[in-house]
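Welcome, and please open the model in your viewer. We will go from stop to stop, with something to select at each one.

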Amino acid sequence: MGRRVPRIVRAAATPILIGDPPLLNVLGVHQPYTPRCIVEIETDDGAVGVGETYGDAEYLALATSLADAVVGTPVTALNGLFDLAYEAGGFADDAAPEFDPAGLRGRRTPSKLVRSVVSAFEIASLDALGTVLGLPVHALLGGKVRDRVDYSAYLFYRWAEHPVADAPSDDWGAALDPEGVVAQARRFASEYGFGSFKLKGGVFSPDEEIAAIKALAKEFPDHPLRLDPNGGWTVDTSVHVATELDGTLEYLEDPTPGVEAMAEVRRRTGALLATNMIVTSFEEIPAAFAADAVQVVLSDHHYWGGLHATRELAAHCRTYGVALSMHSNTHLGISLAAMTHVASVVPELRYACDTHRPWQTEDVITTPHVFRDGAVEVPDTPGLGVELDRDALAALHERWRRLDVRGRDDVAAMRVKYPEWTQPPLPRW
Ligand code: GKR
Ligand code: MG
């Protein structure tokens, strides 16, 4: 007789708002608060698991419906989550894809929405199952192949403060030129030990951003560097930047929008190109790989559909000789725990993953992660190895109830300071 499979007796999706600094990107600036959704799963043997995903209104609506739908199902029924989510959301997977300008998450499709929400339920289920079995999540994924996961510092041009009253604030100060970027990198290196840097570009003219990368290279000659303008440049501009920074960048991330344009930059420069914008779902793989438009896919386990799906992505990349790493979006410690577990089981991870986490000053776990020498240790404790801080969750949920932020809108946030600001067309330069 095998062991009885635990069943889900309670599931909840709790929206929260987390403080975010005024980080600049090609669209505008981060709002003072960003929505996230925290998922809890409880099994009939009393184990609780947690997951985290995007919290914009449409994600939250589906997560709320899926929380009802999973009650009574086995906690191991991970493959069934996708159909349950389609049913719970009441939509089909054949709607025309559209670009998702607000989140820089590539194309917006029902399947990506489903995958983003399912990921939090998959991870919460794995967390609960691991707790029941006394095994870490990485063991449920086949076992870690490394004990530490390297992260890269995520440098942003930024203002010192949000231009509104009562916004969260920090002591990082402004970074609006090469000196500011280098000073930010110095602090990331000394406080967190990060050994590589990614600069979010697409904010200033390409030549100013080239100067910032050159300044970083001068100050940190041994640190791999990346530049990511989120598709902000034309092919010609991308070729100019790639040529100027030849030998200086570890890779160039999403210089220009679209498979054909990326492939042309690759053909004309031979630069190593990474993306979290043109390959964001399994359907987008064949065309992009065939065109040699991308050599490093940056997974986001949320919109790829969770940890098993990330391993499936890793298999595709391995087959075609394309490298795999991870980018990030504004997130808290549950997502960082999930990133760390899945990164620990992918043998071919060659590049440090990036993380926004150091930019957040609050969390919903009792013991936030510590970066040592730029890495997070892979825990061997049961489940994800994190514990939900219920008071913190309640406080951030209360903030969500009090404020009316229901999505991420970097364009609107920019307009507060520059009323004439409109969403820039991509490519912008
Ligand atoms: O947080 O401004 C930001 C980033 O631009 C984020 O939205 C992207 O999804 O960091 C991401 C990336 O493009 O790598
Ligand atoms: Mg990117």
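How many residues does helix H12 have, and how far does it reach from its first C-alpha to its last? Select residues 333-345 to find out: helix H12 has 13 residues and reaches 19 Å, close to the 18 Å expected at 1.5 Å a residue. Keep in mind as you look that this is a predicted model.

Now show the surroundings of this helix. Since 13 of the 13 residues of H12 are buried, the helix is largely enclosed by the rest of the structure.

**Next stop: tyrosine 351**

Move along the chain to tyrosine 351, in the loop between H12 and strand S13 (353-354). Is tyrosine 351 buried or exposed? It has 21 other C-beta atoms within 10 Å, and 20 or more count as buried, so tyrosine 351 is buried. Leaving aside residues up to four places away in sequence, tyrosine 351 touches Glu250, Val296, Ala323 and Ser325. Add tyrosine 251 to your selection as well: it is 100 residues from tyrosine 351 in sequence, while the two C-alpha atoms are 9.8 Å apart in space.

**Zoom out: the whole chain**

Return to the full view, where the chain has 14 helices and 14 strands. The C-alpha trace spans about 65 × 50 × 45 Å along its principal axes. For 429 residues, a compact globule would have a radius of gyration near 22 Å, and the 21 Å of this chain agrees with that. Of those 429 residues, 53% count as buried. Among contacts with a separation of 6 or more, 74% are between residues 24 or more positions apart.

**Colour the two domains**

Give one colour to domain 1, residues 8-137 + 389-402, and another to domain 2, residues 142-377. Their C-alpha centres lie 22 Å apart. Where they meet, 40 residues of domain 1 are in contact with 45 residues of domain 2.

Which elements should you select on the domain 1 side? Strands S1 (8-19), S2 (33-43) and S3 (48-54), together with helices H3 (110-133) and H13 (390-402), each supply at least two residues of the side that touches domain 2. The largest share comes from H3, with 9 residues. By residue type, this side of domain 1 divides into 20 nonpolar, 11 polar and 9 charged.

**An annotated stretch**

Select residues 178-272 next. An unreviewed UniProt entry annotates them as "domain: Mandelate racemase/muconate lactonizing enzyme C-terminal". Over this stretch the chain is 53% helix and 12% strand, and the end C-alpha atoms are 23 Å apart.

**Backbone details to finish**

Most residues other than glycine have a negative phi, and most peptide bonds are trans. Three places here are worth a look.

- Asparagine 230 is not a glycine, but has a positive phi of about 50 degrees. Find it in the loop between strand S8 (225-228) and helix H7 (235-244). With 21 other C-beta atoms within 10 Å, asparagine 230 is buried.
- Aspartate 373 also has a positive phi, near 50 degrees. Look for it in the loop between S13 and strand S14 (375-377). This residue counts as exposed, with 10 C-beta neighbours inside 10 Å.
- Proline 427 sits in the segment after helix H14 (410-417). A cis peptide bond joins leucine 426 to proline 427, with omega about 0 degrees.

Definitions and conventions:
Residues numbered from 1 in each chain as written. Chains lettered and ligands numbered in written order. Predicted model: local features only at pLDDT ≥ 70, side-chain atom pairs only at ≥ 80, totals over all residues. Domains from an automatic or database assignment. Contact = placed C-beta atoms within 7 Å. Helix = DSSP H or I, 4+ residues; strand = E, 2+ residues; numbered from the N terminus. Nonpolar A, V, L, I, M, F, W, Y, C, P; charged D, E, K, R; others polar. Rg over C-alpha atoms; globule rule 2.2 N^0.38 Å. Buried ≥ 20, exposed ≤ 12 C-beta atoms within 10 Å, placed from the backbone. UniProt positions renumbered as here; feature names shortened; annotations may be inferred. Expected span 1.5 Å × (residues − 1).
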